[in-house]
Amino acid sequence: MKPLSEWLPQLANFTIPALRGTVTRLRELRRNEDRVTARDIASVVLCDPLMTLNVLRYSQARMRARQLWHWIYHHGLTSFDGMSSIARPMRDALAATYGLNRPTIAREQRSIDGTRKWLLRFEDGQEVETVYIPEEDRGAVCISSQVGCALTCKFCHTGTQRLVRNLGAREIVSEFMVARDSYGEWPSPKGDTPRLLSTIVLMGMGEPLYNYANVAKAMRIVMDGEGIALSRRRITLSTSGVVPMMDRCGEELGVNLAVSLHAVRDDLRDELVPLNRKYPIGELMAACRRYPAASNARRITFEYVMLKGINDTEADARELVRLIAGLPAKVNLIPFNPWPGSAYETSTKAAIDRFARIVNDAGFASPVRDPRGQDILAACGQLRTESQRAVRAKS
Ligand code: SAH
Ligand code: SF4
């Protein structure tokens, strides 16, 4: 069974010139280039699989493709059955060839504070973690971009896993869809209808800028106004500092940027975030200063994990302030989340408070990230490791 929505993500990233000249069907798109969306492009190319079903002429296929998009991404349907605007024979024909399945939920944990965490398993058996983190009124879905990670940040549990593979665009979008299923929040809101799940943070497993093409496709799909319809202002991409991709991300996607800084001197950052040897702090900060989507209303978030006796002195805080001076920025102070075998401890509350005060007095918001879902929330990546261990033990 082929996943139908596979067609949509594949197409979302087509540039208009790449489509140019393919066929006369694209005439209309060409006329409206500046307003062409992921769905427009998908709906044109989707016509092929629909027409091979032999039910349709081109004009009908185009309309059906748009209807499918709406059922899949606006209503969140997982079967063709409920697609009432599509005639029964066509629904049957689609169902015979295509599937709309979500990934399997291998494990779900619910915290008393509302945090939910899923271990999702894809068709090939690979697993990633997705988390819903509630905030005062609405919350964020924390999404993974890769199975494992090629980088090896010292304090990060995912960094102990090797990179297995990139997630495809469809898989990335499906993480959000599973979370929305869990809260029964379909259909996607039009206008200002409040939804708990209205924000995406790309802060799960993996380095999103090392899987940029798929992440970009996925974000274009979730941003499309006829589908999930999240605004770019509600999406934050977190990077450990893949400098050359930061410019592209800002220009092409315009989502909010979070940068995992964690150290203010190259010698220490080389050790904590080894990617720093390739793209040192100076280059990273220059890329932040160029980031097109940053403004006072949309500040760059600097993430800073508080490691006891490593990066948490007052001198560190003052140097941090110097580095970000003049940038529209805020600093998220993250108490280190320990995991078995990790080499670090969480900074003391007094040290975190001192650090936060210095940053705050310099005019930058410096929230200390609340420990959320403490009863369930192991460090990111731990669920997957546990699950793999269980599989190995069985075999
Ligand atoms: N790879 C991307 C996004 C995923 S990590 C990045 O590095 O930015 C999301 C955030 O969680 C990063 O800021 C990361 O440094 C932080 N993090 C990882 N392990 C942590 C731990 N054990 N405790 C606290 N924060 C952690
Ligand atoms: Fe990868 Fe981010 Fe973890 Fe570093 S912190 S190992 S980049 S997931």
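Which residues are the closest to ligand 1? In this predicted model, they are G206, S238, S260, H262 and N337. The views below start there and then move on to other parts of the structure.

**View 1. The shell around ligand 1 counts 17 residues.** Sorted by class, these are seven nonpolar, eight polar and two charged residues. Two strands chip in here: β10 (235-239) and β12 (300-306) each provide at least two residues of the shell.

**View 2. Polar contacts link side chains to oxygen atoms of ligand 1.** S238 has a side-chain N or O atom 2.6 Å from an oxygen atom of the ligand. For S260, a polar side-chain atom also sits 2.6 Å from an oxygen atom of ligand 1. Then there's E303, with a side-chain N or O atom 3.1 Å from a ligand oxygen. How much of ligand 1 does the protein bury? On its own, the ligand exposes 530 Å², and 90% of that is buried by the protein.

**View 3. Ligand 2 has C149, L151, C153, C156, G159, G206 and S240 around it.** Split by class, that's four nonpolar and three polar residues, with no charged ones. Keep an eye on G206: it's listed around ligand 2, and it's also among the closest residues to ligand 1.

**View 4. Helix α9 (residues 243-253) packs against helix α11 (residues 281-290).** Their axes are 9 Å apart, at an angle of about 5°. Angles under 35 degrees count as roughly parallel, so that's what we call α9 relative to α11. On the α9 side, the contact is made by V243, M246 and D247. From α11 come E283, L284, A287, C288 and R290. Class by class, the contact residues are five nonpolar and three charged, with no polar ones.

**View 5. A cis peptide bond joins W186 and P187.** Omega is about -5° here. Where does P187 sit? Look in the loop between α7 (169-182) and β9 (197-202). For context, most peptide bonds are trans.

**View 6. A229 has a positive phi without being a glycine.** The value is about 60°. Most residues other than glycine have a negative phi, so this kind of backbone angle is worth a look. You'll find A229 in the loop between α8 (212-223) and β10. That strand, β10, is one we've already met: it supplies at least two residues of the shell around ligand 1.

Key:
Residues numbered from 1 in each chain as written. Chains lettered and ligands numbered in written order. Predicted model: local features only at pLDDT ≥ 70, side-chain atom pairs only at ≥ 80, totals over all residues. Heavy atoms only, no water. Axes fitted to C-alpha atoms, helices over the stretch in contact; angles between N-to-C directions. Helix = DSSP H or I, 4+ residues; strand = E, 2+ residues; numbered from the N terminus. Parallel < 35°, antiparallel > 145°, perpendicular 65-115°, else oblique. Contact = heavy atoms within 4.5 Å. Nonpolar A, V, L, I, M, F, W, Y, C, P; charged D, E, K, R; others polar. Near = heavy atom within 4 Å. Polar contact = N/O pair within 3.5 Å; in protein donor to acceptor, adjacent residues only side chain to side chain. Areas by Shrake-Rupley, 256 points an atom, 1.4 Å probe, with all protein chains shown as cover.
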